[in-house]
Amino acid sequence: MKKILLPAVFAGLFLAACRKDDKPANPEPVKTEAAYLRLIVSDVDQARISVVDPLKKQSAVFPVKAAQPSMYTTSTGQFGTIISRAANTVQFFNTGVEKHGGHLHVHDAEMSSFTFTEAGPTHFYAHAGLNAIFNDGTGTLSLFKDSELENGPGKVLPVAQPHHGAMVIFDDHTIAVTQKDGTVTGTLPEKVKIIDRFGKTLHETKIATQGIHGDAGNGKLAAFGSKDGILIVSQTGDQFLVPYPATFGDAWIGTVLGNKALPHFFGYVALGLFKIDPVTRQITEVLKNNNNIHQYMLDEEGKNLYVLLTDGTLKIFDAVTTQLKKEGKVAPAIPTGATAVQKPYFAVSRRAVYITDQATGAIRMLSLPALTETASIPVGGKPFKVLVAGDQEGLEAGDH
């Protein structure tokens, strides 16, 4: 028996010793943000943007045409589009973070020398490598790829009579763009047609509405808010209206959200936030507005719908199921009577929530999904809106 047991005992002791001596590898620290993500922050009073590296907690200031510009990221995330409507100027900030295959090329951040100066630049849309701005004053589209902001002029296409217009880019780079025929007084358009990226009409308008405002798309479908219902336009030219519930009365959706990952859309009206389903042709409530919805957005991946309430609560809904996933207090309550420029605004990345804080002249960073503050990054002045740009995936930089 001993001759049989002893080797087993020694083997057991040897294995135990190995387990005791082997030190577990140190787990990698949780990364609070992608290394090459950047924030672009506008100011209430000053004609400038602050560009922030949230991991290093560093910021740099760049002059722009006017205070309080509208800001959007281009299709790749490399550029921030800075629209100063009153100054008839569109500028571009190059984060220097350029996606190249499965890695990044990183170079100095700077304002692009290229600008658009069409009258009344307003709505912006980016999809599948193409970007567009509708210029209300001229009825034109400023159309460009990110690469053209470094080595090309982009183009300006006449597409309609001057009006408060909008457009949606499809996967095949055709474009659904609003049209004004004058049957409705005011600046709102009535119809939508489809053109190619050179301006040629591919599909004429099929449905006339009493006024259109708000646009979103998912690559295959475009959704426009209108007084008659949500106008759905497919890239093949088909059009139909999704009717409003009877409870809407005379109210209509004038802001629409969409994402390439979602088959449906979301719309906002004073009554609340609603899901718009083009398949069932139904509009259903996601969150009732008790005069307390301040700001809302979809994340980049179309996974979550974020809603900031006036009491400082952030609600996070599953963008597919519309079920509430999480909520938490992320900001002080907004005082009654506060103007738009006195309120906090937020943006989200895949790993964090960023909220402007005018009282401290900073951007507060909160982790996802805990919604706990991890940093306060000073930018000075009175931070207004915040935009996420650069890389959200956490890619590494390379030189090939």
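User: Which residue stands opposite Asn-94 in strand 9?

Analyst: Glu-110 stands opposite Asn-94; strands here are DSSP runs (E, at least two residues), numbered from the N terminus. The model is a predicted one, in which local features need pLDDT of at least 70, side-chain atom pairs count only at pLDDT 80 or more, and totals for chains, interfaces and linings use all residues. Residues are numbered from 1 along each chain as its sequence is written, and side-chain values use heavy atoms, with hydrogens and water left out.

User: What makes strand 6 and strand 9 a pair?

Analyst: Two strands pair if DSSP finds at least two bridges between them; two bridges join strand 6 (residues 89-94) to strand 9, so the pairing criterion is met, and these strands run antiparallel.

User: Why is the pair of Phe-114 and Phe-116 called edge-to-face?

Analyst: Rings of Phe, Tyr and Trp (its six-membered ring) pair if their centres lie within 6.5 Å, and planes under 30 degrees apart count as stacked, over 60 as edge-to-face and the rest as tilted. The centres of Phe-114 and Phe-116 lie 4.8 Å apart with 85° between the planes, so the pair is edge-to-face. Both residues are buried (under 20% relative accessible area, against over 50% for exposed and partly exposed in between, with a 1.4 Å probe and protein chains only).

User: How do you know that the charged end of Arg-281 sits over the ring of Phe-240?

Analyst: The definition asks that NZ of Lys or CZ of Arg be within 6 Å of the ring centre and within 35 degrees of the ring normal. The charged end of Arg-281 sits over the ring of Phe-240 at 3.7 Å from its centre.

Definitions and conventions
Helix = DSSP H or I, 4+ residues; strand = E, 2+ residues; numbered from the N terminus.
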